[in-house]
Amino acid sequence: MDHNSYTDDEIESAWQRADDLVIDDHNKTDASEAHSMVGAQLWTALRALGAVHGRNNEGPTGGFGLAAELIMGPAVPDPDLAEQAATVMDRLALEDHFRVSAVDRHWQIAIHLWPALKAITSATGQLNGSLVATGVDADMLAGVGPHPYYPNDPHRHLTFHAPIPPTAQWPHHDLPGHGLGTHDDPGQYDLVLANMAFHDAALLDPERRTRLGAYHRELLASALDRTAPGGLTVALASPVFLDHPEADLRRVIAERADLVGAVRLPAGAMRPHSHAEGPTDVLVLRHRVPGEPGPGIPPAREVSTRTGAAHLNKYWFGNPDHVLGHLELSEAGPFTVLPGREPLGRLLQVAFDQIASAAVSFLTAGQSTSRPAPPPGLVADPGPATAGDSPRL
């Protein structure tokens with residue numbers, strides 16, 4: 001039959017049925033694996049372009065760039081009032097991370113981190129080559145130190161390499177930093193310092209938290225790409241990375257590196273009086289020598305709380321003093337950390353000293369045996385936990 005014999009209504013009805021079939025098949029078909037594959041490839045491409053490292057995060061929205069938009073994800077259709085409020089608060093948390101400077105806290109971390117790194121160097125003879133520092137205030141983390149003309153700019157993202165300073169030198173005012181340019185050789189640096197964006201953004205939406213954890217997984221993978229086998233990566237990361245219930249979030253890193261130690265700073269420690277008020281983790285990872293076994297990254301344990309099940313990384317049960325405050329249930333986390341009475345600087349010093357001791361034991365064991373002994377805290381899983389078992393909960 002000639003198609004011209006169909007009426008306009010019949011043609012419109014046929015098109016509508018076809019559209020309905022397409023929509024029905026879309027809703028019935030599980031495409032989660034394809035979505036995961038596309039997401040992983042997208043993050044990898046963005047990492048290669050530099051977009052997720054913060055270089056392209058400046059703009060008319062006040063530093064709210066491509067990486068932040070990817071973490072926020074697509075708009076929820078017909079959101080209720082609670083979803084609208086969560087979207088506003090999550091967006092403010094990501095925006096404030098770039099709007100508010102944390103240079104003073106970055107310098108305080110460096111003051112207590114570097115004695116620990118130099119103790120490791122003195123005891124093991126390692127960490128005596130070159131370093132790479134990347135992120136906002138990367139020079140602060142490298143120990144360059146503030147000066148009268150230091151720009152208090154939260155958008156000041158740097159990436160540079162330099163010789164690791166002598167153990168007797170502090171601060172590192174004369175550190176001869178150089179841009180990587182075409183010399184970004186993989187696996188050549190004994191120490192990588194990575195200040196990863198949004199590490200203090202406490203997000204209310206669980207899917208956004210998962211995307212933030214995946215984002216930091218990719219940044220950690222990039223840092224490990226630069227770290228020499230046996231070298232250390234020190235990263236400022238979101239607690240989502242360690243505490244997320246999905247082991248796949250950590251698997252790529254656990255296959256290549258071991259967690260030597262971690263410190264969790266209290267909520268609001270980095271950017272007080274802002275919406276970026278989440279806790280921050282300082283992770284110390286050792287890039288495993290290829291073919292060498294190692295403990296990897298501890299899993300997250302399920303914890304029974306008064307509001308239901310939550311997850312907390314097993315590391316904190318073995319090292320409760322490395323949580324620099326008191327764990328408290330939170331809508332964005334699910335745990336936050338309330339500051340205690342002791343000064344944060346003193347707590348950082350003690351925690352980094354303990355991590356240095358663990359690192360020395362770990363590294364020297366690796367030199368004398370085929371299987372390095374795990375750092376303190378990486379012990380056999382003691383089984384299900386309750387809130388009462390948690391560090392200072």
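The following questions and answers concern a predicted model.

Visitor: How many aromatic pairs does the structure hold?
Guide: Rings of Phe, Tyr and Trp count as a pair if their centres lie within 6.5 Å. By that rule, the number of aromatic pairs in the structure is four.

Visitor: Are the rings of W107 and W170 stacked or edge-to-face?
Guide: Planes under 30 degrees apart count as stacked, and those over 60 as edge-to-face. The planes of W107 and W170 stand at 5 degrees, with the ring centres 5.4 Å apart. The pair is therefore stacked.

Visitor: How many residues apart in sequence are the parts that this pair ties together?
Guide: W107 belongs to helix α5, which covers residues 103-124. W170 lies in the loop between β2 (157-163) and β3 (178-179). The pair therefore ties together parts whose separation in sequence is 63 residues.

Visitor: Does W170 count as buried, partly exposed or exposed?
Guide: Buried means under 20% relative accessible area, and exposed means over 50%. W107, at 16%, is buried. W170 has a relative accessibility of 36%, so W170 counts as partly exposed.

Visitor: Is the pair of Y315 and W316 stacked or edge-to-face?
Guide: Both residues are buried: Y315 has a relative accessible area of 1%, and W316 has one of 0%. Their ring centres lie 5.2 Å apart, with 85 degrees between the planes. Since planes over 60 degrees apart are classed in this way, the pair is edge-to-face.

Visitor: Where in α5 does a kink lie?
Guide: Helix α5 has 22 residues and reaches 31 Å from its first C-alpha to its last, close to the 32 Å expected. A bend of about 25 degrees nevertheless appears in α5, shortly before the proline P115. The kink lies at L113.

Visitor: Which helix gives the largest share of the largest nonpolar core?
Guide: In soluble globular proteins, nonpolar side chains tend to be buried together. The largest nonpolar core here has 92 residues, and I109, L191, F198, I253, V263 and F352 touch the most other members. Eleven residues of this core, its largest share, come from residues 344-368, which form helix α11.

Visitor: Which residues form one aromatic cluster with F198?
Guide: F198 is among the core residues that touch the most other members. F198 also belongs to an aromatic cluster, and its partners there are F98 and Y215.

Visitor: The charged end of which residue sits over the ring of F317?
Guide: A charge sits over a ring only if, among other conditions, it is within 6 Å of the ring centre. The distance to the centre of the F317 ring is 4.2 Å, and the residue is R301.

Notes: Residues numbered from 1 in each chain as written. Predicted model: local features only at pLDDT ≥ 70, side-chain atom pairs only at ≥ 80, totals over all residues. Heavy atoms only, no water. Phe/Tyr/Trp six-rings, centres within 6.5 Å; stacked < 30°, edge-to-face > 60°. Helix = DSSP H or I, 4+ residues; strand = E, 2+ residues; numbered from the N terminus. Buried < 20%, exposed > 50% of the residue type's maximum accessible area, 1.4 Å probe, protein only. Lys NZ or Arg CZ within 6 Å of the ring centre and 35° of its normal. Core = buried A, V, L, I, M, F, W, Y, C linked by side-chain atoms within 4.5 Å. Expected span 1.5 Å × (residues − 1). Bend = angle between axes of the 7 residues up to and from the residue.
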